[in-house]
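Please open the model in your viewer and keep the selection panel at hand. The tour below goes from stop to stop, saying at each what to select and what is to be found there.

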Amino acid sequence: MAVTIEDLYRNYGILADALPFFFLQHKDAYQVILDGVKGGPKEKRLAAQFIPKFFSSFPELADAAINAQLDLCEDEDVSIRRQAIKELPRFATGENILRVADILTQLLQTDDTAEFNQVNASLISIFKIDAKGTLGGLFSQILQGEDIVRERAIKFLSAKLKTLPEDVMTKEVEDYVFAETKKVLEDVTGEEFVLLMRVVSGLRVLQTVNGRQQLVELVVEQAFLEQALNPADPDTVDRLLQCTRQALPLFSKNVHSTRFVTYFCEHVLPNLSALTSPVAELDIQLEVLKLLAEMSPFCGDMEKLEANVNMLFTKLLEFMPLPPEEVENGENSANEEPKLQFSYVECLLFSFHQLGKKLPDFLLDKVDAERLKDFKIRLQYFARGLQVYIRQLRVALQGKTGDALKTEEVTTTINLTLIDLFHNPPSFKSTVTLSWKPVQKSEAVAPKRPSGEEMGSGGSTKKQISPQPRRDARQIYNPPSGKYSSNENSLPKKQQTFQDTPAA
């Protein structure tokens with residue numbers, strides 16, 4: 001005989017009036033409430049509320065009670081499901097916490113917005129009861145659950161962990177998160193990698209120099225820096241870009257970028273023109289050069305410093321054209337002047353300038369006379385072209401503000417670096433800021449721009465003083481989003497690693 005509304009209220013009354021010492025005498029009353037899950041919609045809604053209320057009083061019926069509530073969580077009626085999910089945290093006691101967390105994690109796969117929000121709220125509730133136990137259920141599904149559950153569980157951690165207070169996210173809990181995340185990172189997609197790095201990067205226990213170094217080690221493992229680069233594979237290129245972007249915020253004077261800078265010099269720059277972009281609209285060469293430039297100030301001691309500086313020097317020559325040849329009447333033999341690629345040169349000059357500080361005699365002792373002469377010719381031609389461009393730019397930018405001034409910042413960066421290189425002997429002492437990185441206006445000093453004749457003469461120019469931006473003002477370039485790979489589903493996870501959001 002089916003349980004009715006009256007049956008549920010009557011047995012609820014029996015249990016509500018009973019003294020705690022006599023609950024076991026009313027086991028049958030609780031069983032009637034459990035049987036309410038087999039009734040109609042109204043009976044089910046009542047059962048969803050009554051079952052958890054007396055759950056702790058009948059330990060011998062614990063499994064039956066959880067199973068009954070779970071049946072309601074899977075009901076066809078979404079309102080019944082939401083009510084049952086709302087009450088699930090009341091079952092999260094003792095050894096049941098892991099099971100409840102596991103159930104709630106699986107329920108994240110719902111497509112109903114209100115139900116999904118209720119699952120999130122219930123997970124947050126049990127976090128405050130037992131954070132480590134809740135994480136156990138989440139990571140269990142991330143490691144072993146279905147793809148949709150895994151994906152949403154990772155997104156939940158990425159979005160919600162940072163909102164939990166310190167009394168919930170204790171050191172023990174954060175250590176557990178880090179340990180479990182490292183297990184997950186052994187086999188991830190690109191999007192998962194980004195989200196999981198966001199999770200561990202926000203942990204308070206990793207906000208030390210040692211902690212950031214551990215995070216860099218995690219990224220190094222994912223970047224496969226021990227392997228040669230296949231420039232023709234867009235997924236391989238994308239993985240390297242994504243890993244580098246994740247590592248950038250972690251670098252400092254104490255956490256070095258040496259392994260990444262070395263890899264870029266030894267494997268990426270030689271294949272720069274052959275790189276296959278993971279996104280059609282991405283200028284892959286410029287993106288790579290920007291990343292290298294941002295990393296270069298934090299590079300430590302390098303085993304093959306001279307070879308790496310030489311590679312940068314060689315690549316710089318490629319982007320700095322020779323002046324056009326003149327015919328007998330003194331006119332240019334070509335109809336057009338060589339194109340000056342300011343953005344590329346800014347990145348290469350900056351990187352060369354940063355690594356050149358570690359080998360200041362490179363242009364004097366490591367470059368033969370013929371090659372050095374060629375470099376000076378290119379440098380003088382580029383400097384003259386830069387001065388012409390600056391004069392034209394100042395006229396064009398009169399009255400303009402904001403992003404329009406970014407182009408002028410590019411020329412300022414190049415100008416300061418050129419001044420150092422025109423010193424005799426060449427100097428690497430100026431403090432230079434990349435054009436796409438913010439500079440505090442109150443501290444910025446506008447450098448004097450020497451004329452093309454002054455720079456072209458090869459003579460020394462008075463060094464301009466530009467203050468070092470504060471460390472806390474440093475911001476990492478954040479590219480806009482884009483599609484990772486069209487063949488993601490056809491590859492094993494380890495091969496499809498590192499979906500990213502490349503920059504324009």
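Begin by selecting phenylalanine 313 and phenylalanine 352, both of which are buried in this predicted model. If you colour the chain by helix, phenylalanine 313 appears in helix 16 (residues 305-319) and phenylalanine 352 in helix 17 (residues 342-356), so that distant parts of the chain, 39 residues apart, are linked by these side chains. Now extend the selection to Phe362, Phe375 and Phe428, which together with Phe313 and Phe352 form one aromatic cluster.

While helix 17 is on display, pick glutamate 346, which is found in this helix and is buried, with a relative accessible area of 2%. A distance drawn from the C-alpha atom of glutamate 346 to that of threonine 411 comes to 7.9 Å, although 65 residues separate them along the chain.

Phe375 of the cluster leads on to helix 19 (residues 369-396), where Phe375 is among the buried residues. Select the whole helix: with 28 residues at 1.5 Å a residue it should span 40 Å, and the distance of 40 Å between its end C-alpha atoms agrees with this. Its buried residues also include Leu372, Leu379, Tyr381, Phe382, Ile390 and Leu393. At the N-terminal end of helix 19, look for the cap provided by aspartate 368, a side-chain oxygen of which lies 3.2 Å from the backbone nitrogen of glutamate 370.

Stay in helix 19 and centre the view on arginine 378. Which backbone oxygen does the side chain of arginine 378 reach? The partner is methionine 320, whose backbone oxygen is reached at 2.8 Å. Arginine 378 has a relative accessible area of 16% and therefore counts as buried, the cut-off being under 20%. Showing its surroundings, and leaving aside neighbours within four places in sequence, you will find arginine 378 in contact with Leu317, Met320, Pro321 and Leu322.

For a different kind of contact with a ring, select lysine 290 and tryptophan 436: the charged end of the lysine sits over the tryptophan ring, 5.0 Å from its centre.

Next, go to helix 9 (residues 147-160), whose 14 residues reach 20 Å from the first C-alpha to the last, close to the 20 Å expected at 1.5 Å a residue. The residues to pick out as buried in helix 9 are Val149, Arg150, Arg152, Ala153, Ile154, Phe156, Leu157 and Ser158. Against which helices do the buried residues of helix 9 pack? Show helix 6 (96-106), helix 7 (113-127), helix 8 (131-144), helix 10 (171-184) and helix 11 (190-201) to see these partners.

Two of the partner helices deserve a stop of their own. In helix 6, select threonine 105, which is buried, with a relative accessible area of 0%. Setting aside neighbours within four places in sequence, threonine 105 is in contact with Leu123, Gly137, Leu138, Gln141, Val149 and Ala153, and Val149 and Ala153 are among the buried residues of helix 9.

In helix 10, select tyrosine 176. With neighbours within four places in sequence again left aside, tyrosine 176 is in contact with Lys132, Leu135, Gly136 and Phe139. The C-alpha atoms of tyrosine 176 and leucine 135 are separated by 8.4 Å, while the two residues are 41 residues apart along the chain.

Before the last stop, switch to a display of aromatic side chains throughout the model, in which the structure holds 16 aromatic pairs. One of them joins tyrosine 12 and phenylalanine 50, whose ring centres are 4.3 Å apart and whose planes stand at 25 degrees, so the pair is stacked. Tyrosine 12 lies in helix 1 (residues 5-17) and phenylalanine 50 in helix 3 (residues 41-53), 38 residues apart, so that this pair too links distant parts of the chain. Are these residues buried or partly exposed? Tyrosine 12 is partly exposed, with a relative accessible area of 22%, whereas phenylalanine 50, at 7%, counts as buried.

Finally, zoom out to the protein chain as a whole, which has 21 helices and 0 strands. Of its 504 residues, 51% are buried. Among contacts between residues at least 6 apart in sequence, 74% join residues at least 24 apart. With the surface switched on, the chain exposes about 24,400 Å², of which carbon and sulfur atoms supply 49%.

Notes: Residues are numbered from 1 along each chain as its sequence is written. This is a predicted model: local features need pLDDT of at least 70, side-chain atom pairs count only at pLDDT 80 or more; totals for chains, interfaces and linings use all residues. Side-chain values use heavy atoms; hydrogens and water are left out. Rings of Phe, Tyr and Trp (its six-membered ring) pair if their centres lie within 6.5 Å; planes under 30 degrees apart count as stacked, over 60 as edge-to-face and the rest as tilted. Helices (H or I, at least four residues) and strands (E, at least two) are DSSP runs, numbered from the N terminus. Buried means under 20% relative accessible area, exposed over 50%, partly exposed in between (1.4 Å probe, protein chains only). A charge sits over a ring if NZ of Lys or CZ of Arg is within 6 Å of the ring centre and within 35 degrees of the ring normal. The expected span of a helix is 1.5 Å times one less than its number of residues. Contact means heavy atoms within 4.5 Å. A polar contact is a pair of N or O atoms within 3.5 Å; within protein, one must be able to donate a hydrogen and the other to accept it, and residues adjacent in sequence count only if both atoms are side-chain atoms. Accessible areas come from the Shrake-Rupley method with a 1.4 Å probe; for residues, only the protein chains shown count as cover.
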